[in-house]
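Hi,

Here is the structure I promised to pass on to you. Have a look at it first, and then read on for what turned up in it.

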Amino acid sequence: QDLHFSCLKEKLIKELDLSTFNDNTLKTLELYHKDEGYNKVALLLSDNNTFRGIDIAKFGDSISIIKERNTIEHESILKQFDNAMVMFKRYYQYEEIKTAYRKTVEILPENAFRDALVNSIIHRAWDVKACINVAMFEDRIELTSPGGLPQGLDENEYLKGGISILRNRIIGSIFY
């Protein structure tokens with residue numbers, strides 16, 4: 001129950017222009033209750049935690065060639081997300097200078113990776129002791145998130161699309 005939230009605090013101040021961060025903030029975010037203390041989502045968002053995180057591998061010409069591998073765990077899921085985005089930008093973006101202008105060129109769309117990564121974090125089964133796996137190739141990225149389909153959603157409904165059952169409501173609203 002001795003948790004610290006420097007990353008969460010920094011994000012809330014930056015993104016929402018929050019002027020104060022205290023116990024009331026944590027209660028509003030449904031991370032803390034005066035009778036029970038912190039919940040598991042608070043632990044996931046705390047600066048240090050015991051959960052597995054994201055395992056990222058950048059492959060070369062084949063899966064036998066690993067250019068870089070980074071396992072990001074035991075820190076805030078917000079920090080894990082940021083670190084994964086840094087690695088994405090290192091391999092899938094570069095700057096090009098034409099005349100007096102500098103332009104960022106995307107090999108793969110950042111928005112697509114960001115959305116897929118956020119979905120893998122907020123929809124994963126956190127009770128499964130496994131990492132989210134991110135396999136980076138030259139022409140694609142494959143993400144695998146622990147856990148199957150949420151209760152109440154079958155494979156046919158999932159494949160047809162249009163239905164989304166939020167497995168982790170509090171995490172979803174934090175990322176929103």
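Ser145 is partly exposed in this predicted model, because its relative accessible area of 25% falls between the cut-offs of 20% for buried and 50% for exposed. You will find Ser145 in the loop between strand S8 (141-144) and H6. Leaving aside neighbours within four places in sequence, Ser145 is in contact with Ser120, Arg124 and Ile132. With Ser120 there is a polar link: the side chain of Ser145 reaches the backbone oxygen of Ser120 at 2.9 Å. Gly172 is 27 residues away from Ser145 along the chain, and their C-alpha atoms are 15 Å apart.

Helix H6 itself covers residues 155-160 and holds Leu159. Leu159 is exposed, because its relative accessible area of 59% is over 50%. Together with Leu149 and Tyr158, Leu159 makes up a nonpolar patch on the surface, and the three share about 330 Å² of accessible area.

Now for the interior. The largest nonpolar core has 38 residues, and Ile121 and Met136 touch the most other members. Elements giving two or more residues to this core include helix H1 (6-16), helix H4 (77-92), helix H5 (110-122) and strand S7 (132-136). H4 supplies the largest share, eight residues. As for Ile121, its contacts beyond four places in sequence include Ile54, Phe81, Trp126, Ile132 and Phe175. Ile132 is worth finding on your screen, as it is in contact with Ile121 and also with Ser145.

Happy browsing, and best wishes!

Terms used:
Residues numbered from 1 in each chain as written. Predicted model: local features only at pLDDT ≥ 70, side-chain atom pairs only at ≥ 80, totals over all residues. Heavy atoms only, no water. Core = buried A, V, L, I, M, F, W, Y, C linked by side-chain atoms within 4.5 Å. Buried < 20%, exposed > 50% of the residue type's maximum accessible area, 1.4 Å probe, protein only. Helix = DSSP H or I, 4+ residues; strand = E, 2+ residues; numbered from the N terminus. Contact = heavy atoms within 4.5 Å. Patch = residues over 30% accessible without salt bridge, like charges linked within 9 Å, V, L, I, M, F, W, Y side chains within 5 Å. Areas by Shrake-Rupley, 256 points an atom, 1.4 Å probe, with all protein chains shown as cover. Salt bridge = Lys/Arg side-chain N within 4 Å of Asp/Glu carboxyl O. Polar contact = N/O pair within 3.5 Å; in protein donor to acceptor, adjacent residues only side chain to side chain.
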